[in-house]
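Please open the model in your viewer and keep the sequence panel beside it. The tour makes two stops, and each begins with a selection.

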Amino acid sequence: MGVRALNDGDSDPGLVWGEFRLLRSLGEGACGMRWLVAANDATTLCAHTLSSIRDGSQPIEGLVEEVAGRLATVTQVHLPRVLCGRTDPRLGPAIVAEHVGPQSGLVTLDDVCVASRGRLPPAEVENAADHLLQAMDAAHSVRLYNGPLDARQILLDRQGRLRIEMFGVRRMLTLGLQKSIEVNESEIRDEVRSVVHILFRALTGLSAERFDVSAAQAVSSLDPALDEWFDRGLRSGFASAEQARAALPQFSQLVAQPPGLWRTALDAVSSRLPLRRK
């Protein structure tokens with residue numbers, strides 16, 4: 001009999017899971033439910049239950065540890081660090097990674113946009129593009145591919161940096177590790193294009209797939225070079241994350257530390273999240 005993963009309503013604070021203790025649900029992510037867990041040293045981590053990922057032909061339980069091991073070898077500041085993967089009778093197959101959010105929960109890019117009245121200023125969008133494309137380029141350099149990003153994968157950490165969680169997990173679990181590294185140019189363009197789509201919405205508040213409008217038409221006084229970047233990214237696309245990052249208008253001037261708005265948005269979103277204690 002297969003394992004049954006915990007659902008949000010099954011939250012059981014204090015449940016011991018190996019060396020981890022379940023604290024509470026962090027809501028649903030792109031790969032399944034997220035759970036805040038505490039390690040023996042009281043460090044808080046994020047466990048992702050993966051039972052919702054099935055390819056219809058084989059169970060994923062046997063792949064989880066191998067996938068987690070693959071992810072653990074990738075070190076990049078905009079990719080959350082993965083610690084381990086395992087299968088548990090209550091949690092089902094799960095991967096444990098660092099918890100990047102504030103004490104009160106997780107903050108997504110969508111949360112930041114809402115806190116910024118639905119749109120991010122162009123300079124912040126370029127900064128976001130830099131973060132996401134750095135992460136994607138680092139992953140691609142070791143043949144780790146995700147497919148088009150799900151917006152739910154993009155989180156804001158406590159330092160105001162964007163992170164892409166569970167990069168490549170769904171692809172590896174559905175295709176297998178060997179097939180997951182087999183990609184063509186079109187697939188890479190589509191993956192990079194997904195970043196452009198997500199940021200077009202962050203900039204304009206509109207979906208590029210639903211509205212036939214340019215970034216400059218939606219945002220007054222937009223730098224023509226940034227408008228051109230979006231037009232190219234949405235249409236012909238970029239051949240790589242590295243190419244897309246290098247084409248950013250302010251690439252040479254992007255700052256290493258996040259601008260003030262990210263901090264302001266992080267504080268605003270965090271203050272609205274309930275601080276649930278054990």
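**First stop: the pocket**

In this predicted model, the residues lining the largest pocket divide into eight nonpolar, five polar and three charged. To find the place, select Ala151, His197, Ile198, Arg201 and Ala202, which, of the 16 residues in the lining, lie nearest the centre of the pocket. Helix H2 (109-115) and helix H6 (185-204) are the elements that give two or more residues to this lining, and colouring H6 will pick out the largest share of the lining, five residues. If you display the space itself, the volume to expect for this largest pocket is about 280 Å³.

**Second stop: a helix crossing**

Next, select helix H3 (residues 122-141) together with helix H8 (residues 224-234), whose axes come within 11 Å and cross at roughly 45°. Are the two helices parallel or oblique to each other? An angle between 35 and 65 degrees falls outside the parallel and perpendicular ranges, and H3 and H8 are therefore oblique to each other. Turn the view until one helix lies in front of the other, and you can follow the left-handed crossing in which H3 passes H8.

Now show the side chains where the two helices meet: on H3 these belong to Pro122, Val125, Glu126, Ala129 and Leu133, and on H8 to Leu226, Trp229 and Phe230. Colouring these contact residues by class gives seven nonpolar, no polar and one charged.

How values were computed: Residues are numbered from 1 along each chain as its sequence is written. This is a predicted model: local features need pLDDT of at least 70, side-chain atom pairs count only at pLDDT 80 or more; totals for chains, interfaces and linings use all residues. Side-chain values use heavy atoms; hydrogens and water are left out. On a 1 Å grid over the protein atoms alone, a cavity is a set of points where a 1.4 Å probe fits but cannot get out, and a pocket is an open set with protein on both sides within 12 Å along at least five of seven lines; lining residues have an atom within 4 Å of a point. Grid points are joined across faces, edges and corners, and a volume is the space filled by probe spheres set on the points. Helices (H or I, at least four residues) and strands (E, at least two) are DSSP runs, numbered from the N terminus. Ala, Val, Leu, Ile, Met, Phe, Trp, Tyr, Cys and Pro count as nonpolar, Asp, Glu, Lys and Arg as charged, and the others, Gly among them, as polar. Axes are lines fitted to C-alpha atoms, for helices over the stretch in contact, and angles run from 0 to 180 degrees between N-to-C directions. Angles under 35 degrees count as roughly parallel, over 145 as roughly antiparallel, 65 to 115 as roughly perpendicular and the rest as oblique. A crossing is left-handed if the near helix is turned anticlockwise from the far one by less than a right angle, and right-handed if clockwise. Contact means heavy atoms within 4.5 Å.
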